[in-house]
Every structure is written in C-alpha cells, then in structure tokens.
Amino acid sequence: MKKGLFAILSLILVVALAACGSKSADEKPAAGGGDKGTEAKPVTLTVGATAVPHAEILKHIQPALEKEGVKLEIKEFSDYVQPNVQTFQKQLDANFFQHKPYLDDENSTRKMDLVPVVAVHVEPLGAYSKKHKSVNEIPDGAVVGIPNDKTNGGRALSLLEKNGLIKLKEANMIQATVKDIVENPKNIKIKESDAAMLPRQLAEFDLAVINTNYALDAGIDPLKDALFMEDKDNPYANILVARPDNKDSDAIKKLAAALASDDVKKFLEDQYKGAVIPAF
C-alpha cells in the first residue's frame, strides 16, 4: 500500500516538473527573442551636402529622423563633383546639393546612374557686383564671371540674356555656352570659373553670376545684394539624390518625407526669407 502510494506521488511529481519545464521553455522566447528581437535597429545614413543651405536643412531635420530610427550623418563638400562620385561609389548613401539638369549631365559625363528622390527647394541664380549698382551701369567691355559647369553656365548665360546683356541663338538654352552668343552689344567678356570660387573673386569682375548656396555661404544676401535674379519658377529645384539600389529603402523614404515636410517649408521661409524657396 505504502509502495503504491509512493509510486503515485512520484509520478505526480515527475509530471509537475515536466509541466514547469515546458512552461519555462515556452515563455523564454516570448520574453527574450520575441519583442526584443523584433525591435528596429537604428539605421545610419551618410549624406553629402554643400554647407548652405543644404547641410543646414539636413541638420534641422536630424532630431526628427533620429526619433524615427534614422541617424543622419552629414558630410559637407565645397565642390559639385565629389558628392556624386562618392554616392555612386557607395561612400555616401545619398547627396543633397544639385538640380536635375546638373545630375543628368553628370550621369551622362561620368557614366553614373544616380537617381532623383524628391525635389526640396529652388535657389534662384543671382548676378552680383561690387563695382556697379544696376545692370544699366555695366560698361562696355565689362568682365562677367559665370560658373564653369555646363548646366549652371548655360543657366547664367540665359539670365544675362533675360537682362539684355547678350542674346543667345536659342532662348532658355539649358546647356548654352559662350559659342551660342549671337549678339553682344556691350562686348562683355565672359570668364568661366569654378562656381564655389565666384564669391571670392567677385571684386575681380564687373559682374558675377553666383549660385545662391555659395552666395549665402559667403555672407551675401541674394534679396538685397543681387542686381538681378532668376524668376522663382524655373526647372532647377534642388533634389535629394540616391542610387537605384537604395532609393526605395525605408531610411531614404523617411529622409525624403522629412525634407518635403511642412516643418522644412516653414524653416526655409523663416531662415532664408525668400532667397531659398520650397519646391513642394
């Protein structure tokens, strides 16, 4: 009798221990491998940009992106070549400094396949002078500086045409060169220079056509200092650029959404007072 009771008690104990062990095994993945394992890890995006306004805009959205799990690392450049080259070579995840006509030309020239992601803002090109106060004061034989890259050079020539200084064989030629000038009533001398250098060389010219980002970076106020500027409606919206292999990634989509947000629109309006215009 005692032996039978002992055997029954022993069997109950074994079953109970087995049940506890099974419960523990079932619970462990839920506590350790369940919720914790599915938590999204922060993603780092390295984006190349020129200092003003592009890097400033990116710095503005850094905190909001970090809350969404995207750590934004900003690498500043002073030229228009390396950001594309390094994005193509996967040293950068994306870049933000250029408009689409420039990107198209770079892709063609350098055999790249970078793609636009979202249009963010327009920077109207402006003409500046330390020697003259209006376009009417520009003298015969004046020396005029323009950017030496194809698209911004053509853009500058179109701006000079719209303000009566030259005439091109076709109006609004995106890739116009000095060879396309058919009338030059003041016999002005066009001197091509690196876009980033033009603000520093301004005193050397009677007039220089300067990209707004470089003007702002040099402390030049486009709205106050430009003798004339491009219209606000032009095809040169600055864009976020990525590669085909990452353009649809979750992190790039979050960056694009942040750049085209109401928050950034207000930042552009408050910070740049019309010198940099939202494109969305």
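Q: Which helix provides the largest share of the lining of the second largest pocket?
A: Helix H4 (residues 100–110) does, with 5 residues; helices are DSSP runs of H or I with at least four residues. A pocket is an open set of points on a 1 Å grid over the protein atoms alone, where a 1.4 Å probe fits and protein lies on both sides within 12 Å along at least five of seven lines, and lining residues have an atom within 4 Å of a point.

Q: Anything to keep in mind about the model?
A: The model is predicted, with local features needing pLDDT of at least 70 and side-chain atom pairs pLDDT 80 or more, while totals for chains, interfaces and linings use all residues. Residues are numbered from 1 along each chain as its sequence is written, and side-chain values use heavy atoms, without hydrogens or water.

Q: Back to that pocket, which residues lie nearest its centre?
A: Of the 16 residues lining the second largest pocket, Tyr80, Val81, Tyr102, Asn148 and Asp149 lie nearest its centre.

Q: Which aromatic cluster is Tyr102 in?
A: Tyr102 forms one aromatic cluster with Tyr80, Phe97 and Tyr214, and the structure holds 5 aromatic pairs (ring centres within 6.5 Å).

Q: Why is Phe97 with Tyr102 called edge-to-face?
A: Their ring centres are 6.1 Å apart and their planes stand at 75°, so the pair counts as edge-to-face, a class that takes planes over 60 degrees apart, with those under 30 stacked and the rest tilted.

Q: Are those two buried or exposed?
A: Phe97 is buried at 3% relative accessibility, and Tyr102 is buried too, at 5%, where buried means under 20%, exposed over 50% and partly exposed in between, with a 1.4 Å probe and protein chains only.

Q: And which helix gives most to the largest pocket's lining?
A: Helix H5 (residues 150–162) does, with 5 residues.

Key. Helix = DSSP H or I, 4+ residues; strand = E, 2+ residues; numbered from the N terminus. Phe/Tyr/Trp six-rings, centres within 6.5 Å; stacked < 30°, edge-to-face > 60°.
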